[in-house]
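Biologist: I'd like a close look at one residue in this model, and then at how the rest of the protein is put together around it. Take your time, and keep it informal.

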Amino acid sequence: MAEFTEGGHHLDLKKLSMVGVLVSLGIVFGDIGTSPLYVMKAIVNARGTENNMPFNEYIEGALSCIIWTLTLQTTLKYVIIALRADNKGEGGILALFSLVKNLKKRWLYLIAIIGAAALIADGVITPSLTVMSAIEGLEIYNPHTPVVPITIAILIVIFVVQQFGTSFIGKFFGPIMVIWFLILGGLGVSHLSENFEILRSFNPYYAYKLIVDSPSAIVILGAVFLCTTGAEALYSDLGHCGAKNIRVSWAFVKIMLILNYLGQGSWLLSNYETAGLISKEGLITINPFFGIMESWMILPGVILATAAAIIASQALITGSFTIFSEAMSLNLWPNQKINYPSGVKGQMYIPRINWGLLFLCVIVVLHFKESGKMEAAYGLSITVTMLMTTVLLVFWLLKKRVNKLLILLFAMTYMSIELGFFSANIIKFFEGGWITVILAGFIGICMYSWINGRLIKAKFINFVKISKYVAIIKDMKLDETIPKYCTNLAYLSRAKYNDEVEAKIIYSIIKKQPKRADHYFILSIVNQEDPYTFKYTVDEILPGTIYKVNFLLGFKVDRRINDYFSMVLKDLMAEGTIPSVSSHPSLRAHNIPPDLKYVIIDNTYINDILLTVKQKITLSLYNFVKYIGSDDFKAWGVTMHNVEVESAPLTEETISANKIQQANFKGFNF
């Protein structure tokens, strides 16, 4: 048995450091850090014209809701509790699912699928909303500013640069976000002196009073929830920065956010009577975020807000790549080609996902045209993810043997809070929430079809013991009447056990076209829970002839099997296990290395008679999803020049018990 581990070094951000805190500010808090751009505007618009609550009580109650939502939802649930549920340092809903998937609760994969699909929908809506909210600030200068074209142009730039890597740009994220948060806090403090009474918002009684007394409380909660939408992204980015750095930086971020919200609230109370601030329909005409700025600051403020929005978008796009990468390793999504353009460990680029997200973002912007109309879709997507995370956290706490009374308290508290926010967002289904259901529903159905389609196909895939065919292959190797196919022949296998292989591989070697080779390699990827596992094992099944190679890979490691297998062959040659030069005398005389051929077998046929209606529908969807993914040789980094793609029936079962009878043929009578 042999093994290798991944070389190279990467910055260890799990330890508390100034660099780690700075990187956390640039990567983790972009989403939640841009919420002041639209939260207070959404809250004022949620009041409506029929709410008779005094405006000062309304604003104080709304601010109290914001403060305690940030405290209970972001600080307690995510920063204190969820960050402890790390999978070898990685966070997010699929990493959390990896921690509990071994429990005897198979239905938990549905919870993970729903949560992941909703989070991907958030990855579409967040860039659209944040960039458009920032650009809308220019309307203060010119009401006819072409917000939609500018937003689309910025989104195109954001997605185009993904293919070149973002490590260089990423170095500036931290300092920009430090400036952003300091300005947020500074602007808030500058307006606090106008209404010190606003500090009463720290009393949770005002939040309670708003919810109980306001006739539009459910709508208001939907707007309030927008202040904590970045909490799930915070958990997903655990692997980038480490829990300690996130917790320390969150203390700074939370203070700055609350100060800015208080400043916006104070400005609203001071300017509520200003003519034209609130329209007859009860809608605010000036975004409070830009309202608290001096006139000379608005243009620089829009530029800085746009930069922060780009950073928030970048974090969500990168997070989407990570989600799909994790989904592939958990067999929830088809294999797709992953690039690592920056050469930085963990930073990835998935071309098809990137362009798909851009297309959907453009559609969202063209449809809604205003940031305010996206808020319902934004809140609904992340609420669903938070609910699913709560369910998985409950099972993780049970696995950790935490006191069941505390688990019950946790479940009741957060299910109540999040179901309340869900109710507040779902009532806006026809105002924009429907797009979340469509986006998340599409992704969720694809994931469901993929995992269940694979299970259906697995029922028809026969696995056989390799030992039964060792003698045949040994004789084939010596049979010179069979043309030599190649020196080294490799097959990609998904068999779970080392002593087994798919019957279709034996079919390819022996029946379809007898393939005589010097060495046969059965290659398998064994997904590991540790995201950075990078090892291999080799088992010699028939000395000098048949080898089983297992690649033990974490979900953060690229599936470049072609490169990794080349490393394995070099190790085996160095050990003297296999020859390092060609077996052909003419080539061996010139030290030419042996040739290598991959055979990938595509299962193409299952007779419909063997399937139920549900299985037929699932497999139809599975085949559709398969086109979204990449072929195995592309997804696994195997180059086309030495790949042979074959087809084989999934099953050779007899379909009918009735055997056709031979007739005595005496010729036709015409």
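Which is Ile 152, buried or exposed, and what is its relative accessible area?

Modeller: First, a caveat: this is a predicted model. In that model Ile 152 is buried, with a relative accessible area of 15%. The cut-off for buried is under 20%, so at 15% Ile 152 makes it into that class.

As for where to find it, Ile 152 belongs to helix α7, which covers residues 147–160. If you leave out residues up to four places away in sequence, Ile 152 touches Val 362, Val 365 and Leu 366. Another residue to pick out is Ser 128: its C-alpha is 8.3 Å from that of Ile 152, and the two are 24 residues apart in sequence.

Now step back to the whole protein. There are 670 residues, and 56% of them are buried. The secondary structure adds up to 25 helices and 8 strands. Among contacts with a separation of 6 or more, 83% are between residues 24 or more positions apart. On the outside, the accessible surface is about 29800 Å², and carbon and sulfur atoms account for 62% of that.

Staying with the helices, have a look at α3, residues 39–47. Here 8 of the 9 residues are buried, so this helix is largely enclosed by the rest of the structure. The buried set contains Val 39, Met 40, Ala 42, Ile 43, Val 44 and Ala 46, and it also takes in Lys 41 and Arg 47. Gly 48 comes after α3, and its phi is positive, near 75 degrees.

Ala 42 also leads us to a loop residue, Lys 373. The C-alpha atoms of Ala 42 and Lys 373 are separated by 9.8 Å, although the two are 331 residues apart along the chain. Lys 373 is in the loop between α16 (351–368) and α17 (375–399). Its relative accessible area is 43%, so Lys 373 counts as partly exposed. Setting aside neighbours within four places in sequence, Lys 373 is in contact with Phe 368, Glu 431 and Gly 432.

Next, a pair of packed helices. α4 (residues 55–81) and α9 (residues 204–213) pack at an angle of about 115 degrees, and their axes are 7 Å apart. The crossing of α4 past α9 is left-handed. On the α4 side, the residues that meet α9 include Tyr 58, Ala 62, Cys 65 and Trp 68. From α9, their counterparts include Pro 204, Tyr 206, Leu 210 and Ile 211. Sorted by class, this contact has 9 nonpolar, 2 polar and 3 charged residues.

The loop between α8 (167–192) and α9 holds Asn 195. With a relative accessibility of 16%, Asn 195 counts as buried. Its contacts, leaving aside neighbours within four places in sequence, are Ser 266, Leu 269 and Ser 270. Asn 195 and Leu 269 are 74 residues apart in sequence, with 7.6 Å from C-alpha to C-alpha.

Then there are the strands and the aromatic rings. Ser 493, in strand β2 (residues 484–493), is buried at 2% relative accessibility. Not counting residues up to four places away in sequence, Ser 493 touches several residues, among them Val 501, Ile 505, Ile 522 and Ser 524.

Across the whole structure, a search turns up 18 aromatic pairs. One of them is Phe 521 with Tyr 547: the ring centres are 5.2 Å apart and the planes sit at 15 degrees, so this pair is stacked. Phe 521 is in strand β4 (residues 516–528) and Tyr 547 in strand β6 (residues 546–554), 26 residues apart, which makes this a link between distant parts of the chain. Both Phe 521 and Tyr 547 are buried.

Compare Phe 534 and Tyr 564, whose ring centres are 4.8 Å apart with planes at 85 degrees, so that pair is edge-to-face. Here strand β5 (residues 534–542) supplies Phe 534 and helix α22 (residues 561–575) supplies Tyr 564, with their positions 30 residues apart in the chain. Phe 534 is buried at a relative accessible area of 8%, and Tyr 564 is buried at 2%. To finish with the rings, Phe 521 and Tyr 547 join Phe 565 and Tyr 598 in one aromatic cluster.

Note on methods. Residues numbered from 1 in each chain as written. Predicted model: local features only at pLDDT ≥ 70, side-chain atom pairs only at ≥ 80, totals over all residues. Heavy atoms only, no water. Axes fitted to C-alpha atoms, helices over the stretch in contact; angles between N-to-C directions. Helix = DSSP H or I, 4+ residues; strand = E, 2+ residues; numbered from the N terminus. Left-handed = near helix turned anticlockwise from the far one by under 90°. Contact = heavy atoms within 4.5 Å. Nonpolar A, V, L, I, M, F, W, Y, C, P; charged D, E, K, R; others polar. Buried < 20%, exposed > 50% of the residue type's maximum accessible area, 1.4 Å probe, protein only. Areas by Shrake-Rupley, 256 points an atom, 1.4 Å probe, with all protein chains shown as cover. Phe/Tyr/Trp six-rings, centres within 6.5 Å; stacked < 30°, edge-to-face > 60°.
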